[in-house]
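Here are some short exercises on charged side-chain pairs. Work through each task, then check the solution.

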Amino acid sequence: MSVMSSVMRGARRLVHADPALLSNFLSRPILCPAGSSASPLTCHQTRKYASKQVKGQKKDPKNQKVKVKVDKQEVEIKQNMTVASLAEAMNKDFDHILEALLNTSVDVDSLEPDSVLEERWIKEVVTRSGMKFRWAKLSETRERPNRDVHRKPPADPSLLAQRPPVVTIMGHVDHGKTTLLDSLRKSQIVSTEAGGITQRIGAFLVQLPTGEKITFLDTPGHAAFSSMRARGADATDIVVLVVAADDGVMNQTVECIQHAHRARVPIIVAVNKCDKPQADPQRVKQELLAHDVVCEEFGGDVQAIHVSALKGDNLLSLAEATVALAEVLELKAEPSGSVEGLIIESRTDKGKGPVTSAIIQRGTLRRGCVLVGGKSWAKVRYLFDENGQAVTEAGPSTAVEVVGWKDLPSAGEVILEVESEQRAREVVDWRTYAEEQEKLQEEEGAIALKQKLHLEEYRKEREGLTHLSWRQRKSALYRANKNKFCARPSERTQSAEPSLPLIIKGDVDGSVEAILNLLESYESQQQCQLEVLHFGIGDVSENDVNMADAFSGSIYGFNVAASRSIQQLAAKRGVPLRLHSIIYKLIDELKEELSSKLPPLLSENIVGEATVLTMFDVSVGKKKVPVAGCRVQKGRLDRRLKFRLIRGRDVVWEGSLAALKHHRDEVHTVKAGMECGLSADGDVDFRAGDVIVCFEELDTQQVTSWDPGF
């Protein structure tokens, strides 16, 4: 420190003694500018460079550099990573790792995808790629406990009590199922149904004159409602199979028998319409033999009752047979304890919200009970019977409407009672989580399959390049794939295939389910793509119209309404709004719309034929035009249509005519048996014996090949 002080003092004395002497030893830029009168070491410019930043003094913004923050990709690394696993973690290919290890001590040419890298080279590759690394955490995922609720084991036989039977009326469409039920309960349901056919499950409690009670389920007979019939068979004790005596066993009759056999439910055959002159009950029983339904008179155990639902004939015998079979089955249930039931239908009511129709199978349902059904739960606010009358409770085998659901559960779900709302939320959360995990596993499986296919394709592509070095391999792959990189995703052409996006709305869950099941049978995707954008329960809303407008789709509603404002909005946006109350009319209109999306087929209609008799030339100005003299053999020749010249079996020419004359007159048409002269538009070599065909091209509308089965 003392040496430095001595040097500084000596320098000051030298400057003050002779500044000119010092200037000979120092370069000019360090000193003051030429012509400056200031002391060389005290000039402003020199002190400017020597000055330090004083605390509190602002920096010059012009000289301040702005640092741009760059978000680097984070790569998860671990010990003993292979080249392939590192490339996968970085989302790069194998050759990128080799490029990053250039100019290092690693022998790049000796590396293989399964070669293990040292820790420092793993970090070096990540750093050179402009990324940052983090070590993988070794943590075990804790399995979530199962919080679901299940049916309870069978109750003690001493706690069981007699219950009414649940009887499902099944059969082919228009065989008289609802009319039979009307006669039993003295009502007029058929007159209120669209098209006179049942299109949803109805549940009714009927009290017979003898005092017994029976809960009847009326199922649809139309082919579209197969899932509803299956649900009705699962919820029932006895199936009454209605078969028309004049029609016999039909398609849906066979399907109903299969549902009953699958659910192991006994059958009673009601041979209906026996009052008609063409009725043949004996033929019906014989046809049933082919489907394992053996009536008592043929040595079986199935009762067959001849009835007339319209006139009310022999209905008491049918009721007595049902009660007798119920006694044999000894139907009992526990009236106390937790409630269990089955949802047979669900819908959204404007005043009540989500509403379900259910059959109680165990326990007694009361207001205030907390229920879980599928991925929804309810605290029961109101209970209604089939007539819309409020009831305080519903015991086993009772059909009841439940109000108080938070969300609309699906038809066919099991209802279970839980102790509290918190428990209900736990159950719903668990079921939602379980469904998400199941979907996630399916998606992971699909992703793994695609990765496997991609890896196989990748290896197949590189099989012929294994003998090359990585540089040669990179160059060869670039030359092979350079055309793929030219087409960016935004420039790729979109498919011009016809498509029909749909929005489906229905009155109840079962109706929407039936329509979706029908759409699943659509097998004409090669003609027109059919896509369901959205489906739901309730009236058509503004969101439905907006979605249909965005995707250029159509709205199909079944037994739902659309307000005047919604109809006006749909008309303004050009969105087709198709509302129906009969299932087969909805499907017919859907088929028509699908057919309208298809391009027309070009067909030919032959108008006439003529034979060339001779050839001659006609002078038009200074030009000679070849003319064919012909006789019309069939139909007529029309100059405005197209013509084809046939020689033997070959088509020599096809086009239009320049002129058509009869004698010396220009004409538009020449009929059969007449002779004419014609010249073609172009250079055509006519010969005697050639056949000239006159035809017209017609656009014929294609029809979709989809057959929904009815």
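**Exercise 1: K375 and its partner**

K375 counts as partly exposed, at 43% relative accessibility (buried is under 20% relative accessible area, exposed over 50%, partly exposed in between; 1.4 Å probe, protein chains only). This is a predicted model, where local features need pLDDT of at least 70, side-chain atom pairs count only at pLDDT 80 or more, and totals for chains, interfaces and linings use all residues. Residues are numbered from 1 along each chain as its sequence is written, and side-chain values use heavy atoms, with hydrogens and water left out.

Task: Find the residue that forms a salt bridge with K375.

Solution:
1. Apply the criterion: a side-chain nitrogen of Lys or Arg within 4 Å of a carboxyl oxygen of Asp or Glu.
2. The partner is E435, with the closest N and O atoms 2.9 Å apart.
3. K375 sits in the loop between β14 (370-373) and β15 (376-384), and E435 in helix α12 (residues 421-462), so the pair ties together parts 60 residues apart in sequence. Helices (H or I, at least four residues) and strands (E, at least two) are DSSP runs, numbered from the N terminus.
4. E435 is partly exposed, at 29% relative accessibility.

**Exercise 2: D246 and K276**

Task: Decide whether D246 is buried or exposed, and place its salt bridge with K276.

Solution:
1. D246 is buried, at 19% relative accessibility.
2. Its salt bridge to K276 spans 3.3 Å, N to O.
3. D246 lies in the loop between β7 (238-244) and α9 (251-263). K276 lies in the loop between β8 (267-272) and α10 (281-289), 30 residues apart from D246.
4. K276 is partly exposed, at 34%.
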